[in-house]
Amino acid sequence: MEQRQRAVVTGATTGIGEAIARRLAAGGMTVVMVGRDDERLDRARHRVLAAVPGADLETERADLSLRAQVRALADRLVKGPLPEVVISNAAVIADVTDLTAEGVQRSLATNHLAPYLLLRRLAEAIGEASARFVVVGAEPAGLSRVPVDLDDLGFRTGRGLGPVPSFRPFLAYGRTKNMNAMFVYELARRLGHSRITVNGAHPGIVKRTGLGRDARGALRIFGSLLERSSRTLEPDDGADTPAWLASAPEVAGVTGRFFVRREQVPTAPHTTDVERCARLWAESARLVGLPD
């Protein structure tokens, strides 16, 4: 019997993460669903099984805001059959003063440092084998106004985040999603000699992401309006581009690109500048305790 491709999906208990897992499972892959809550993971797994009877599913619990748990997750993943597809989807919107138990700003830790640490570790283990990494990002045009402050990754000074406190978490979130794009380009460049591809994807504005569930004030109102917008997609529609990048033959070998609705799109110049991307890499390595 032919061995199934193995896929890892982080943030698999959100609407879009679950939809990505469902699409990959329907395509015949073994899917490892990663989330931070056992009960929500179990419910998501059962929903995928109901939609795809006979799906080969596994679950892994990890709080991706904690570097120790990301390292432990990576160690568990590399002890078994190595994944050939990894989709980094987990993200949060958190106040700039919200720090993890490890003292790192929560949205920075979850949205950027977690995929940085996890994908670096998996790339090292995969080595010369083939794999596809997909980092789920955000809408490039909207993020062009919130460049990453490379002197203040953890938003300690909050420079450039504006005077309205309730919107600062959203702007900080935007910076972390720009970090995602920069990481895609730099990791793709560093893996250019390998058979691992790295691409970014904006899924659209998707319902039931859970991103702003703890938001307050103006940000909560903004999130509620987005949920009711005519532009807001169902999770299965949002899952289309990430799942396509993870499996479609026509994008085999394509790397270091960013896609919206299956079309390659440019991101802001401040995300593609080679020196800025290399500096973000070095600062991220320092924060997670890895060599540059």
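In which hand, right or left, does α1 pass α2? I began my notes on this predicted model with that point.

**Entry 1: α1 and α2**

I looked up the crossing and found that α1 passes α2 in a right-handed manner. I then noted the geometry: the axes of α1 and helix α2, the latter spanning residues 38-51, come within 10 Å and cross at roughly 40°. Angles from 65 to 115 degrees count as roughly perpendicular and those under 35 as roughly parallel. The two helices are therefore oblique to each other.

I listed the residues that meet here. From α1 they are Glu18, Arg22 and Ala25, and from α2 they are Ala44, Arg47, Val48 and Ala51. Sorted by class, this contact of α1 with α2 holds four nonpolar residues, three charged ones and no polar ones.

**Entry 2: α6 and α11**

I turned next to α6, residues 168-190. I recorded that α6 packs with helix α11, residues 274-288, at an angle of about 95°, and that their axes are 9 Å apart. That angle makes α6 roughly perpendicular to α11.

On the α6 side, I found the contact to be made by Met179, Met182, Phe183, Glu186, Leu187 and Arg190. On the α11 side, I entered Val274, Arg276, Cys277, Ala278, Leu280 and Trp281. By class, I noted nine nonpolar and three charged residues in the contact of α6 with α11, with no polar residue.

**Entry 3: Asn178**

Is Asn178 buried or exposed? I found Asn178 within helix α6. Its relative accessible area is 4%, and the cut-off for buried is under 20%, so Asn178 is buried.

I then looked for a polar partner of this side chain. A polar atom of the Asn178 side chain lies 2.9 Å from the backbone oxygen of Leu143. Leaving aside residues up to four places away in sequence, I recorded that Asn178 touches Leu143, Val146, Pro147, Val148, His270 and Thr271.

**Entry 4: α9**

How many of the eight residues of helix α9 are buried? I found seven, and I noted α9, residues 240-247, as mostly covered. The buried residues are Asp240, Thr241, Pro242, Ala243, Trp244, Leu245 and Ala246.

Finally, I looked up what these buried residues pack against. Among the helices I entered α1 (15-26) and α8 (235-238). Among the strands I entered β4 (85-88), β5 (130-136), β6 (195-202) and β7 (257-260). Helix α1 thus appears twice in my notes: α1 crosses α2, and the buried residues of α9 pack against α1.

Conventions:
Residues numbered from 1 in each chain as written. Predicted model: local features only at pLDDT ≥ 70, side-chain atom pairs only at ≥ 80, totals over all residues. Heavy atoms only, no water. Helix = DSSP H or I, 4+ residues; strand = E, 2+ residues; numbered from the N terminus. Buried < 20%, exposed > 50% of the residue type's maximum accessible area, 1.4 Å probe, protein only. Polar contact = N/O pair within 3.5 Å; in protein donor to acceptor, adjacent residues only side chain to side chain. Contact = heavy atoms within 4.5 Å. Axes fitted to C-alpha atoms, helices over the stretch in contact; angles between N-to-C directions. Parallel < 35°, antiparallel > 145°, perpendicular 65-115°, else oblique. Nonpolar A, V, L, I, M, F, W, Y, C, P; charged D, E, K, R; others polar. Left-handed = near helix turned anticlockwise from the far one by under 90°.
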